[in-house]
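Student: I have a model open and would like to talk through how its helices pack. Could you take me through it?

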Amino acid sequence: MPRYWVPGEDGSRPGLATRLSEVGWNREWLYGWRDICRSNDERTGIPAFLPRVAVGHTFPLMFVQRRPHLVAALCAVQSCLVFDFVGRQKINGAHMSLMTWKQLPVPTPEQLEPHLGFLVPRVLELIYTTHDMEPLARDLGHEGPPFPWDEERRATIRAELDAYCFRLYGLDRQEVDYVLETFQTAKGGLKNNEIARFGTYRTKELVLDAFDGLTDVAIQ
C-alpha cells in the first residue's frame, strides 16, 4: 500500500486537497519553479503556473499569499533574463535550491503595484493557452477563451517583458547588451541555439528594440 494518496477532489482519501489546505492554499492553480538547472540549459530560473495537481520534489511550490495579479507580476520578474542572469551567478551545481531561490532579488509587492497594468496582461496571454489554466485566468479578471499559441507573438511578448524588467532593475542599454551576450555556452545556450535556428540572435534583437521603446520605467 502506498504511504500517500492523491485522490480526486471528493476528499475520499487524504492527499492533494488535504496537503494544500494545511498550508492555507485554496486557489485552483499552483506556482513554482524548476529545480533542475544544468550548465548547458538555455535558462536557469524557470518558474511556471500549473493546474492544481500533485508535483514531484524537483518542482518546489511557492504559496504566495498575495492577490493573483501580484503573483503574475512575480512570475514575470522571475522569468525575465535579468533575474536569470543574477541566478546564474549563485548556482553551484545543477539545482536551483530553495535556499538559492529565496536569495535572488525581486521587487517588493508594493514596488510592483504600479507596473501591474503592463506585466499582468502579457503574463496572462503567455500562460492562458489551455483550458487547464482557466481558474488562473478568471482570478486575473479574464473571462474570455484561451489565447491562441502564436510563436511570433509569444516571442514579442517575452521580449517586452524582458525589456521592461531590465528597466525595473535599473540597467542601461550597454548593460542589457552585455547580459544578453552571456546567454551562450559551449554546448549551445540561448544565443547559439537561436543563431542555429533563425540565423540571428532573435531574442537580443527583440529585447533591445523593446528596451529602446520604453521610457520612465523604474522602481519607486
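Student: Which handedness does the crossing of helix 6 and helix 8 have?
Tutor: Happy to help, and do keep in mind that this is a predicted model. For the pair formed by helix 6 and helix 8, the crossing is left-handed.

Student: How are helix 6 (residues 116–127) and helix 8 oriented, roughly parallel or roughly antiparallel?
Tutor: Their axes come within 10 Å and cross at roughly 150°. Angles over 145 degrees count as roughly antiparallel. So helix 6 is, relative to helix 8, roughly antiparallel.

Student: What classes of residue make up the contact of helix 6 with helix 8?
Tutor: From helix 6, the residues include Phe118, Arg122 and Glu125, and these belong to a set that meets helix 8 residues including Arg153, Ile157 and Tyr164. Sorted by class, the contact has seven nonpolar, no polar and six charged residues.

Student: And how do helix 2 and helix 6 lie, roughly parallel or roughly perpendicular to each other?
Tutor: Here the axes come within 9 Å and cross at roughly 80°. Angles of 65 to 115 degrees count as roughly perpendicular. Helix 2 and helix 6 are therefore roughly perpendicular.

Student: Which residues of helix 6 make that contact with helix 2?
Tutor: Helix 2 contributes His69, Leu70, Ala72, Ala73 and Ala76. By class, this contact of helix 2 with helix 6 has eight nonpolar, one polar and no charged residues. On the helix 6 side are Leu116, Leu119, Val120 and Val123.

Student: Which residues touch the most other members of the largest nonpolar core?
Tutor: That core has 63 residues. One of the two residues in question is in contact with Ala72 and Val123, among others. The pair is Phe49 and Phe166.

Terms used:
Residues are numbered from 1 along each chain as its sequence is written. This is a predicted model: local features need pLDDT of at least 70, side-chain atom pairs count only at pLDDT 80 or more; totals for chains, interfaces and linings use all residues. Side-chain values use heavy atoms; hydrogens and water are left out. A nonpolar core is a set of buried Ala, Val, Leu, Ile, Met, Phe, Trp, Tyr and Cys residues joined through side-chain atoms within 4.5 Å. Buried means under 20% relative accessible area, exposed over 50%, partly exposed in between (1.4 Å probe, protein chains only). Contact means heavy atoms within 4.5 Å. Axes are lines fitted to C-alpha atoms, for helices over the stretch in contact, and angles run from 0 to 180 degrees between N-to-C directions. Helices (H or I, at least four residues) and strands (E, at least two) are DSSP runs, numbered from the N terminus. Angles under 35 degrees count as roughly parallel, over 145 as roughly antiparallel, 65 to 115 as roughly perpendicular and the rest as oblique. A crossing is left-handed if the near helix is turned anticlockwise from the far one by less than a right angle, and right-handed if clockwise. Ala, Val, Leu, Ile, Met, Phe, Trp, Tyr, Cys and Pro count as nonpolar, Asp, Glu, Lys and Arg as charged, and the others, Gly among them, as polar. Lists of a residue's contacts leave out its neighbours within four places in sequence.
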